Amino acid sequence: MPRRERPLDEGESGLLRFAADLRRLRERAGSPTYRELSRRAHYSAAALSEAAGGRKLPSLAVTRAYAKACDGDPEEWTRRWRAVAGSEPHSANGSPYVGLAMFQPADAPKFFGRERLTAELLATKNRFTGVFGPSGVGKSSLLRAGLIARTKEPVLLFTPGADPLEECAVALARLTGGDAVELAAELADPRRLGRHHAHLVVVDQFEELFTLCRDEELRTWLITALTGCTKVVIGVRADYYGHCARYPDLVEALEGAQLLVGPMTPDELRLAITEPALAVGAEVETALLARLMADAVGQAAVLPLLSHALAETWQHRRGTTLTVAGYEEVGGLDHAVARTAQEVYDGLSTAQQEQAKRILLRLVTAEGTKRRARTHELEADQEVLSALAAARLVVIGRDGVELAHEALIRGWPTLQGWVEEEGANIRAQRELTHAVRTWESLDRDADALYRGRRLATVPGGLALNSSERAFLAASRAAEEELSAGARRRTRRQRQLLAVLAALVVVAASTTVFALRAGRTADEQRTNAAVLRAVGEAAALRSTNPALAQQVALAAYRLVPLPQARNGLRQEDVPSQVLREAQSEVTALVVGPTQQQVVTGHRDGTVVVTALDDLPSPRTFHEATRHTGPVTALAMDSTGTLVASTGDDGAVHVVDVSLGKPRELAVPPVRATAIAWQGGTLVTTDDDGALSFWTDLRRDRPRLVTTTQLGLGPLAGLAFRPDGHVLAAVTTGHAVHLVDVTDPGDAALLSLTTEFAGSAQFAGGALLMTTAGTAVHLWDTTDPRAPVPRAEIPSGGAEITSALLGADRVAVATDDGLVRLWRLGQGEPAEQALLRGHAGPVAAVGLTPKGDEVVTGGVDRAVRLWDVDPRDPAVRICEQAVPRITRAEWERYFGDLAFTPPCS
């Protein structure tokens, strides 16, 4: 006779009720023995007996098997299991994992894995230390829960924000109990910071000095203040290393005093995963530890995603054990953040979803980084804000609200899509917010209002708060008053002019000819002097670059001729070799949001290289390999999927969302060209037919449709950002615009008037085509009649690659040069000339910030160039030592009035 089951413990918990109901289900099935159940369910008798024991929640798989073996409904028991798994004993309260949020000093008992780096920071004798590392590597947590938590004396901690002086004063007031306004006034002299605080100063997220602070004087203030303090540690995102190098005092302070934070070692990662759970009497299942290690080892930006996945798994633990089943239930490392964020968003009403979108977009920059917003700026629905905070998607502090981590931008496709779609509006809103703060700080001075073109170009779709509405209303009222005053003055002037007109006509007619003749002669003389000076400045560059640039700038200010404007380009552009490849670079693409570059090579390899490390070492991974040279690379709009094709005709798709590439299923198709239409991969083969593929992350990609354009074989494809218009480049170098709103019913719209070998869209409706020695830009707002906008010359050499950015064009040529052009309202202006490759440049790309260029050449080098984004006059005058003398002026400009370009 089978042994009777152990009675359940007393109580009314969900787990005990679940176990009791499993026992009743078994009784209704005729009370089969557990040996018999084991035969039916294909699980051990011990596992099935434990499932109904009430001690811990069984896995979902065991629960379904138990129910099915007892003739129960597996789907009903799945719902019941989920209800118990998410019940109150497994809430987030008391979780040993902080999720997306950074560790704070109070979280030190949960902080593991960075003991070595913490010890290095505590032991350093350097007065000034820079902690560099990519986003998501744990710099902020290291500084707060590592360094600050173990420092005995008081520590001044702040982030630069938009106004470093104000942020510093507020933090110092909080630390000392002083008045922030009075402290800000005293700290206007940067040398006083060291007198007010003689202990450790920690400035986290130092890159905000370049992303949020717009005032160069405030940037200089912070650097001067910090270099005068007793002991300073700054945390900087590694991709802003080059920005730090622009300030000599900062370079001097950081020399020999830099700490690089890279990915955790396997041992460090094991501690970070297991020790927080052990500290609260829980444990991590061995199988889960192995799975997490496999998913996360070697990936620099994975820590916030890992912490969030563990925090979510904690809520789905079985008893005191974190299990693989719970980990998979929350979506694993890849999808835990997106799942949490999407669930919170989907649980809101339509109006609340709009409010959530407005809040989240206020917390990001157009470059895809996070920013802190003051609570009054958000004017947020408290219920929505609380929901976002409860899910640890945002952090609410005394100083405002910010995203818990930038990983949310990368890991949640919905937010990533909003940032891409609203980039222009986000940029305009940040400018408006800054203008409103300035206006209010000046007691709403009318001189700080928007006027003219700046007011007219404010986008109509911005979500404004009350201060911004008041600012724009005051701006429009002031503009209207100014216009009305101008109209009144015009009427009075017309009346006076009518009286004087008759007198003037007679006198004027006798002098007009003489004036015109004199003015024409002066203009011709000035133009001749300017052209001569431009030519001499070009010849002078190699021997006296500082003087050459001043002559070029002076010439342009005298007469803004195109020849003079191009003389202002930057030629001393610093670069660093990201990687010396094993084979020639044949293709290149840069992530639109993530800091990584993907290169294709003649030996068939596709390699992912990190951009957010320090100059050395660079993290890179081989993503896939073709059997012949790689001919094309394409990245989807989210920057998480890369497709490649090569001479072998195969199409490979790689997931690069977590830095370490993961190859996906190979679509069963051959291709000569590839492109992305949003999240759909489009391929074409020798027959010229287009194939549209989705579900690329699944075991078998799905072919949505195939359409034939009737153009013959295609050499290139490019989709307009809205996905409705395709630029199809034929092997005969014709560029056709095609309506693909319905891919199954594509319709030819127009043919550009210039032959081209490639095409690319950017910025909405701007199309770039390349051919021979010129790049052409087209406005395709009406794709039936594309309008030529500009022609950019190559400088005489053959164009090998070109890349169109939001407001830049990079053109690479076979003479080893790359020219960067700035786009604006007028003609394109040459911004920089890049020299450094030993041979033709085969591929070129632009980082999301736009002032960094990535190139790859036949010399096998992959280079990163840091172009100075400032106005050329600022850059030239900063380097203009010594200043141009009167004698030098007369040598180049003759008797034209001495007007040195740099005062």
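Contact here means heavy atoms within 4.5 Å. The structure is a predicted model, in which local features need pLDDT of at least 70, side-chain atom pairs count only at pLDDT 80 or more, and totals for chains, interfaces and linings use all residues. Residues are numbered from 1 along each chain as its sequence is written, and side-chain values use heavy atoms, with hydrogens and water left out.

Loop residues come up first. T780 sits in the loop between β29 (774–779) and β30 (787–793); strands (E, at least two residues) and helices (H or I, at least four) are DSSP runs, numbered from the N terminus. With a relative accessible area of 0%, T780 is buried, where buried means under 20%, exposed over 50% and partly exposed in between, using a 1.4 Å probe and protein chains only. Setting aside residues up to four places away in sequence, T780 touches R720, L737, F761, A765, L767 and P786.

V740 is another loop residue, placed between β25 (735–739) and β26 (747–751). V740 also counts as buried, at 1% relative accessibility. Neighbours within four places in sequence aside, V740 is in contact with Q677, F719, G723, H724, V725, L726 and A746. From V740 to T707 the C-alpha separation is 9.8 Å, and the two are 33 residues apart in sequence.

T457, in the loop between α26 (452–456) and α27 (466–540), comes out as partly exposed at 45% relative accessibility. The C-alpha atoms of T457 and A428 lie 9.1 Å apart, with their positions 29 residues apart along the chain.

Now for the helix pairs. Two packed helices are described by the angle between their axes and the distance between the axes. Axes are lines fitted to C-alpha atoms, for helices over the stretch in contact, and angles run from 0 to 180 degrees between N-to-C directions. Helix α1 (residues 14–28) packs with helix α4 (residues 60–69) at about 30 degrees, the axes being 9 Å apart. The pair is therefore roughly parallel, given that angles under 35 degrees count as roughly parallel, over 145 as roughly antiparallel, 65 to 115 as roughly perpendicular and the rest as oblique. Their crossing is left-handed, meaning that the near helix is turned anticlockwise from the far one by less than a right angle; clockwise would make a crossing right-handed. On the α1 side F18, L22, R23, L25 and R26 take part, meeting T63, Y66 and A67 of α4. This contact has 5 nonpolar, 1 polar and 2 charged residues, with Ala, Val, Leu, Ile, Met, Phe, Trp, Tyr, Cys and Pro counted as nonpolar, Asp, Glu, Lys and Arg as charged, and the others, Gly among them, as polar.

Helices α15 (residues 266–279) and α16 (residues 286–296) pack at about 130 degrees, with 11 Å between their axes. That angle makes α15 oblique to α16, and their crossing is right-handed. P266, L269, R270, I273 and T274 of α15 make the contact with L289, L292, M293 and A296 of α16. By class, the residues of this contact split into 7 nonpolar, 1 polar and 1 charged.

Last comes helix α31 (residues 886–893), in which W889, Y892 and F893 are buried. Viewed down the axis of α31, these buried residues fall within an arc of 80 degrees, so they line one face of the helix; the arc is that of the directions from the helix axis to the C-beta atoms. Turned away from the buried side of α31 is a face carrying the exposed residues A887 and R891. Just after α31, G894 takes a positive phi of about 65 degrees.
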